[in-house]
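Here is a friendly walk through one protein chain, from its overall make-up to a few local details. Keep the viewer open as you read.

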Amino acid sequence: MEAATAPEVASSGSTLKVKETSPADAEGPPASPRQEAGSPIPQLLSPIEEHPKIWLPRALRQTYIRKVGDTVNLLIPFQGKPKPQATWTHDGCALDASRVSVRNGERDSILFIREAQRADSGRYQLSVQLGELEATATIDILVIERPGPPQSIKLVDVWGSNATLEWTPPQDTGNTALLGYTVQKADTKSGLWFTVLERYHRTSFTVSNLIVGNSYAFRVFAENQCGLSETAPITADLAHIQKAATLCKTGGFAQRDFSEAPKFTQPLADCTTVMGYDTQLFCCVRASPKPKIIWLKNKMDIQGNPKYRALTHLGICSLEIRKPGPFDGGIYTCKAVNPLGEASVDCRVDVRAPH
């Protein structure tokens, strides 16, 4: 069999390369005094009958994800004759023998971690060497766990049968990206927790349709690929959903004036949408008497335009943009007007083409 003279990339996911030799190595061992001129040089190494090659399983050619405490047991087949020398490295350094064990056989190498920890994440490289020939394969391992809870949650505002919440992201995401947040509510009468929404990506939300006369607490879990955070912060203040005031005429008491100018308690949020997919904008306003809601695009009134559908219910204002096109992007404004004054909020909407 002819010896390899140039680097080769194997289809099995391993790389074969030839180590450079020094001039001294090329000269070979010095001739013995007893060697006669023209006699052959003795062969000190066994001839290479089979080049080294690593057969990396398809599942390990992308990031190998395990949970904290799981076992990592990787069997990597290889070839080479005579038996090649197999070595492992972790991020370019030698393995920690106290955590990782390796068993090298005639045709395979096994990497074993009994209980994986996040510090075991990284790039592992298997090298199979036979003489001047060497094959390598790389495996990326990611060890993850549940995220920590959001750092805090607070009750921002309560009006009608709605409550607005805000919270801050967790300090520890569990070594992987968050899938979102789960918001739950519990009324003080039953004390039972019910999920309001799951895998929500923003850090503020308005809970609607709360029962009049009840008081509510709220909590938020963070979620990643391993599941929900083990704990969740709970709002320090309760949301008291007030009953409608009973009007009674009594002498000596002046009726309280609840009138107020419009005030937006939840602004519009900038968004990017895809052409042809309906998009909705939301904001919340508080005012008495009930305000008139006007929607504008680039400061132009869009009331009555069939392209848009505007709704207002219990202070929640929404605008649906039906199948937006490339010219539907711009600055959208929601304006609330009553006899005591007016207020407005803006947001930018960008429309992009589908991939």
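## Two prolines after cis bonds

Pro289 sits in the loop that runs between β22 and β23 (292–297). Please bear in mind that this is a predicted model. The peptide bond joining Ser288 to Pro289 is cis, and its omega is about 5°. As background, most peptide bonds are trans.

Another cis bond leads from Lys81 to Pro82, with omega near 5°. Here the proline, Pro82, belongs to the loop between β5 (72–81) and β6 (85–90).

## The chain as a whole

What does the secondary structure of the chain come to? It comes to one helix and 28 strands. Of the 355 residues in the chain, 38% are buried. The accessible surface of the chain is about 21,700 Å², and carbon and sulfur atoms hold 51% of that surface.

Contacts across the sequence are worth a look too. Taking the contacts in the chain with a separation of 6 or more, 65% are between residues 24 or more positions apart.

## The largest pocket

The largest pocket holds about 760 Å³ of space. Its lining is made up of 21 residues, and those closest to the centre of the pocket are Trp159, Gly160, Arg286, Ala287 and Ser288. Ser288 is also the residue joined to Pro289 by a cis peptide bond, so to speak a familiar name from the opening section.

Three elements give two or more residues to this lining: β12 (152–159), β22 (279–288) and β25 (308–313). Which of the elements gives the largest share of the lining? That is β22, with four residues. Sorted by class, the lining has 11 nonpolar residues, six polar ones and four charged ones.

## A cysteine without a partner

How many disulfides does a search of the whole structure find? The search finds zero. Cys334 is in no disulfide, and the nearest cysteine sulfur, which belongs to Cys283, is 3.7 Å away. A pair of cysteine sulfur atoms has to be within 2.5 Å to count as a disulfide, so the two are too far apart.

Is Cys334 buried or exposed? Cys334 counts as buried, because its relative accessibility is 0% and the cut-off for buried is under 20%.

## Leu228 and its contacts

Leu228 is placed in strand β18 (residues 227–228). With a relative accessible area of 30%, Leu228 is partly exposed.

Which residues does Leu228 touch, leaving aside those up to four places away in sequence? They are Arg146, Pro147, Thr182, Phe221, Ala222 and Glu223. Gly180 is 48 residues from Leu228 along the chain, yet the C-alpha atoms of the two are separated by 9.5 Å.

## Two residues with positive phi

Most residues other than glycine have a negative phi. Asn209 has a positive value, with phi near 60°. Asn209 is found in the loop between β16 (204–207) and β17 (215–224), and at 63% relative accessibility Asn209 counts as exposed.

Leu314 has a positive phi as well, near 55°. The loop that holds Leu314 lies between β25 and β26 (316–321); β25 is also one of the elements that give two or more residues to the lining of the largest pocket. At 44% relative accessibility, Leu314 counts as partly exposed, because exposed would call for over 50%.

Definitions and conventions: Residues numbered from 1 in each chain as written. Predicted model: local features only at pLDDT ≥ 70, side-chain atom pairs only at ≥ 80, totals over all residues. Heavy atoms only, no water. Buried < 20%, exposed > 50% of the residue type's maximum accessible area, 1.4 Å probe, protein only. Contact = heavy atoms within 4.5 Å. Areas by Shrake-Rupley, 256 points an atom, 1.4 Å probe, with all protein chains shown as cover. 1 Å grid on protein atoms, 1.4 Å probe; cavity = no way out; pocket = protein on both sides within 12 Å on 5 of 7 lines; lining within 4 Å. Points joined across faces, edges and corners; volume = space filled by probe spheres on them. Nonpolar A, V, L, I, M, F, W, Y, C, P; charged D, E, K, R; others polar.
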